[in-house]
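Visitor: Could you walk me through this one? I would like to know which parts to look at and how far to trust them.

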Amino acid sequence: MLRIFIDALRTGVVTTRYPAEPSVPPERFRGAPVLRRGSSLPPPTVCPSGALSEHLDAGCRRVALDLARCVFCGRCAEDPWSGAITMGQEFELAARCRDDLRIEVVADDPTLAAAGPAGDPDAEAARASSEIHRVLGRSLHLRHLDAGSCNACDWELSALLNPVYDVRRLGIDFVASPRHADGVVVTGPVTRNLETAVRRTVEAVPDPRVVIAVGACAASGGIVGAGYASAGGVDRVLPVDVYIPGCPPRPEAIIFGILVALGRLDARRLPCKG
Amino acid sequence: MADPAFTDALRAAASGSVDAEVGPRPSDLTVRLRRADDLPAAAAVLIGPCSMALATIVATDETTTPDRDLKVRYVFEPTAPGAPDQFVTLLIGVDQACPEVPSLTTAVPAANWHEREMQDLFGIVPVGHPDPRPLVIHDGWPQGVFPLRKAFDGSRRVPVEPAGEFPHVVAEGEGVFEIPVGPIHAGIIEPGHFRFTSVGETVLNLDARLFYTHRGLEKRMEGLSPLDAFYVAERICGVCSVAHGLGYCEALERIAGVDAPPRARLIRSIALELERLYNHIGDVGNICAGASFHYGTATGLRLKERLQQMNERLAGNRFLRGLVIPGGVRLDLTDDLLGILAVMLQDILAGLDGLMGRIEANASVVDRLDDTGVLRHRAALDLAVAGVAARSSAVNRDARRDHPHGAFADPGRPDLHVVTASRGDAMARMTVRALEARESIRLVGELARRLEPGPLRVTIAEPLPGGRIGISAIESARGEAVHWLRTDARGRVERYHLRSPSYHNWPAVALAAETAIVPDFPLVNKSFELCYSCTDR
């Protein structure tokens, strides 16, 4: 016992200061892709999860990237498109509205401005958020709900409880029963075999409750998409309050998203309003 | 490589004609049995005198090819340590009008789930199966609809029909209790339903129902360019991202007829060892959680976190996604990064040694682990159990040695110390993990020393050759995973099948649990530490 105590003292404090201090990801980290206007952007077929799309608007080719669907593989930023798209370092991507995760740029003409997110701030979402903030205050107890994930997002949620992230210091904790929870964090695209269990678990959480979709599969279906065994995203089954992109999102990105859900931080608002 | 004595033995066992040919790889053998009824006798020859084990079973729908039938391939592999790298496939054609095959499960218990899976997904009925309950497809799925048949549109959403309760296997009698657990568990873990039958605290029977995370990924990959489908394979499982990505790439590269360059093969093997390392060390921590030793849990998680932060530094992703790609690797390991890695691994080694010392000195933890969740050697062989679970029950199998991949396929391959133990309990599985983690640290150093400047990838031309089969086996952190890939006439994915190590190991968990008490089940489960997602796909 004494040896354990000495070991613990010798190890010291390993806990991160995030979000009080920013987290700087390593150089090779693949965050939100940055699309350069007016460059020869790749065709949508290059994206394995279908996050890229294109359409012609008044003769201009517009390319859109859906961050909720992106699996951050970096393929669209490889040769021969490496100049047109680069993998950025931004990871605090959580948004209250799915449309806020859509980036659209004009591909061929540098003189035209980029289009911003399609939706205005959603009044209903803002109302829900303020209600949650009023009732739940600054603390949030969450129930994890695996709706068919590959387990990467699940392990990152477990990491939030390790000595490095220790989200309990932020008033956030994971509880065993949905009846003790203020909300659910859902991972996975909602498989057919789990759909009933997912609905029942969420119904067991008292109102008001938050539903946070963690990772590309939960946010949009991701690489899995919709099919005979998958609904293609949590919002096909339940209303979602916050979407956290990533494949998987790094732990700081999940912390950011949970704090957005609590109304303690502002959700992602794209700067590129045209 | 087609040993005549071997094929003669198969011919003698069969009443119909037997055609043997080399393939899919030059060292492999594919034996076509004209009569499906010959299958049990042929399998008995492989399992008995040849002491082989079932590696995987792959069903395919070939009704749109000139053969106009369904096919089932039963793939076997040698089990003796140091046996040649070989797969022997027994191939039978199945008439789609009467899709029946004789069941192997009674003689080859490892075939159990494979046969139930092909019944669910292809409608191929294993006649004589002792437990033909649905496996992959859950309640409310309509009769006679088989999602992996080519005629089924994979994007179709099928309505859920009213269904009765699933027939769990339970025991009855005075003082016998049923304890249902899951699919949603009281923690951050994957979903599965466990139906315990117990008398007092003693587990009489455990019926595990999985496949809640079945996402239809094999169907999802069909029809894609094999280069695009890679990104799906890499995401079948989070903690096996490198192993499954690499297994898919090696199968694909065999079809394309290319080899990844030597530097890429070394980097792939380093990545595979780093994946094993963060898993094994995290698993030691989680076993401590199962034994309520919180210092051990926190230390294991802290060390795992350092390894995952290193992963992000090396690959841009904490699960090492985006490092391995078809044809080689996407990112180089520079001397700077290798230097940082070497220093960190020495720290991890010291941390692991310290942690194991604390665990072994703690009588209450040792008491929880000793003789808990015993998997007998014979059971491990019968179920074709893989990885740490097999080696802890004295089954000397490791795909890095038995089916060389990555840098282990090079002529001057590094030495590998395969760790085994004989007691088959939770303590053995934890100790084997710790020793393997040390071996992984040593291997990363040795592999890094062998790195010579050179190209990182070769280009794979599209379309890929049509109608070819690629097979590979990778030693993931959980054990051997077998990948089977076939291209269609246009060089697209016709069928891909992954048999993960967890697929063979889950039935062993249920067996081991029956030697334990209910409160020890989390500990038994954590000592196996299996993935649901790569079992369910």
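Guide: What follows is a short conversation about a predicted model, taken topic by topic.

Visitor: Confidence, then. What is the average pLDDT of chain A?

Guide: Chain A averages a pLDDT of 86, and 85% of the residues score at least 70.

Visitor: And where does pLDDT stay under 50 in chain A?

Guide: That happens over residues 112–121 of chain A, a stretch for which the model nevertheless has 26 contacts beyond four places in sequence.

Visitor: OK, now the interface. How many residues of chain B are in contact with chain A?

Guide: On the chain B side there are 49 residues, and they are in contact with 49 residues of chain A. The elements of chain B that give two or more residues to this side are α4 (217–221), α5 (226–233), α8 (294–315) and α9 (335–360).

Visitor: Which of them gives the most?

Guide: That is α8(B), with eight residues. Taken by class, the side of chain B that touches chain A has 22 nonpolar, 13 polar and 14 charged residues.

Visitor: You mentioned α5(B). How does it pack with α6(B)?

Guide: Helix α5(B) packs with α6(B), residues 241–256, at an angle of about 160°, and their axes are 9 Å apart. Since angles over 145 degrees count as roughly antiparallel, that is the description that applies to α5(B) and α6(B). Their crossing is right-handed.

Visitor: Which residues make that contact?

Guide: From α5(B) they are P226(B), F230(B) and A233(B), and from α6(B) they are H244(B), G245(B), Y248(B), C249(B) and L252(B). By class, the residues of this contact divide into six nonpolar, two polar and no charged.

Visitor: And α9(B) with α14(B), at what angle do those cross?

Guide: The axes of α9(B) and α14(B), the latter being residues 426–449, cross at roughly 165° and come within 11 Å. These two helices are therefore roughly antiparallel to each other, and their crossing is left-handed.

Visitor: Which residues meet there?

Guide: In α9(B) they are L338(B), A342(B), L345(B), I348(B), L349(B), L352(B) and M356(B), and these meet A434(B), A437(B), R438(B), I441(B), V444(B), G445(B) and A448(B) in α14(B). The residues of this contact divide into 12 nonpolar, one polar and one charged.

Visitor: Is there some reason for spacings of three or four in lists like that?

Guide: An α-helix has 3.6 residues a turn, so residues three or four places apart point the same way.

Visitor: Switching to chain A: is helix α3(A) enclosed or in the open?

Guide: Helix α3(A), residues 152–159, is largely enclosed by the rest of the structure, because eight of its eight residues are buried. Those residues pack against β6 (140–146), β8 (183–187), β9 (210–214), α5 (215–220) and α6 (251–261) of chain A, together with α8 of chain B.

Visitor: So what about α1(A), buried or open?

Guide: Helix α1(A), residues 2–11, lies largely in the open, because the number buried among its 10 residues is zero. It is followed by G12(A), whose phi is positive, near 75°.

Visitor: Which residues other than glycine have a positive phi?

Guide: Two to look at are N151(A), with phi near 85°, and F211(B), with a phi of about 70°. For context, most residues other than glycine have a negative phi, and most peptide bonds are trans. N151(A) is in the loop between β6 and α3 of chain A, and it counts as buried because it has 27 C-beta neighbours inside 10 Å. F211(B) is in the loop between β10 (202–209) and α4 of chain B, and F211(B) is also buried, with 24 other C-beta atoms within 10 Å.

Visitor: Where are there cis peptide bonds?

Guide: One runs from D207(A) to P208(A), with omega near -10°, and P208(A) is in the loop between α4 (195–203) and β9 of chain A. Another runs from G23(B) to P24(B), with omega near 0°, and P24(B) lies in the loop between β1 (18–22) and β2 (29–33) of chain B.

Visitor: Last one, F91(A). What is it in contact with?

Guide: Leaving aside neighbours within four places in sequence, F91(A) is in contact with P25(A), G31(A), R250(A), E252(A) and A253(A). F91(A) sits in the loop between β4 (85–87) and β5 (102–106) of chain A, and it counts as buried, with 22 C-beta neighbours inside 10 Å.

Conventions:
Residues are numbered from 1 along each chain as its sequence is written. Chains are lettered from A and ligands numbered from 1 in the order in which they are written. This is a predicted model: local features need pLDDT of at least 70, side-chain atom pairs count only at pLDDT 80 or more; totals for chains, interfaces and linings use all residues. Two residues are in contact if their C-beta atoms, placed from the backbone, lie within 7 Å. Helices (H or I, at least four residues) and strands (E, at least two) are DSSP runs, numbered from the N terminus. Ala, Val, Leu, Ile, Met, Phe, Trp, Tyr, Cys and Pro count as nonpolar, Asp, Glu, Lys and Arg as charged, and the others, Gly among them, as polar. pLDDT is the predictor's confidence in each residue, from 0 to 100. A residue is buried if 20 or more other C-beta atoms lie within 10 Å of its own, exposed if 12 or fewer, and partly exposed in between; C-beta atoms are placed from the backbone. Axes are lines fitted to C-alpha atoms, for helices over the stretch in contact, and angles run from 0 to 180 degrees between N-to-C directions. Angles under 35 degrees count as roughly parallel, over 145 as roughly antiparallel, 65 to 115 as roughly perpendicular and the rest as oblique. A crossing is left-handed if the near helix is turned anticlockwise from the far one by less than a right angle, and right-handed if clockwise.
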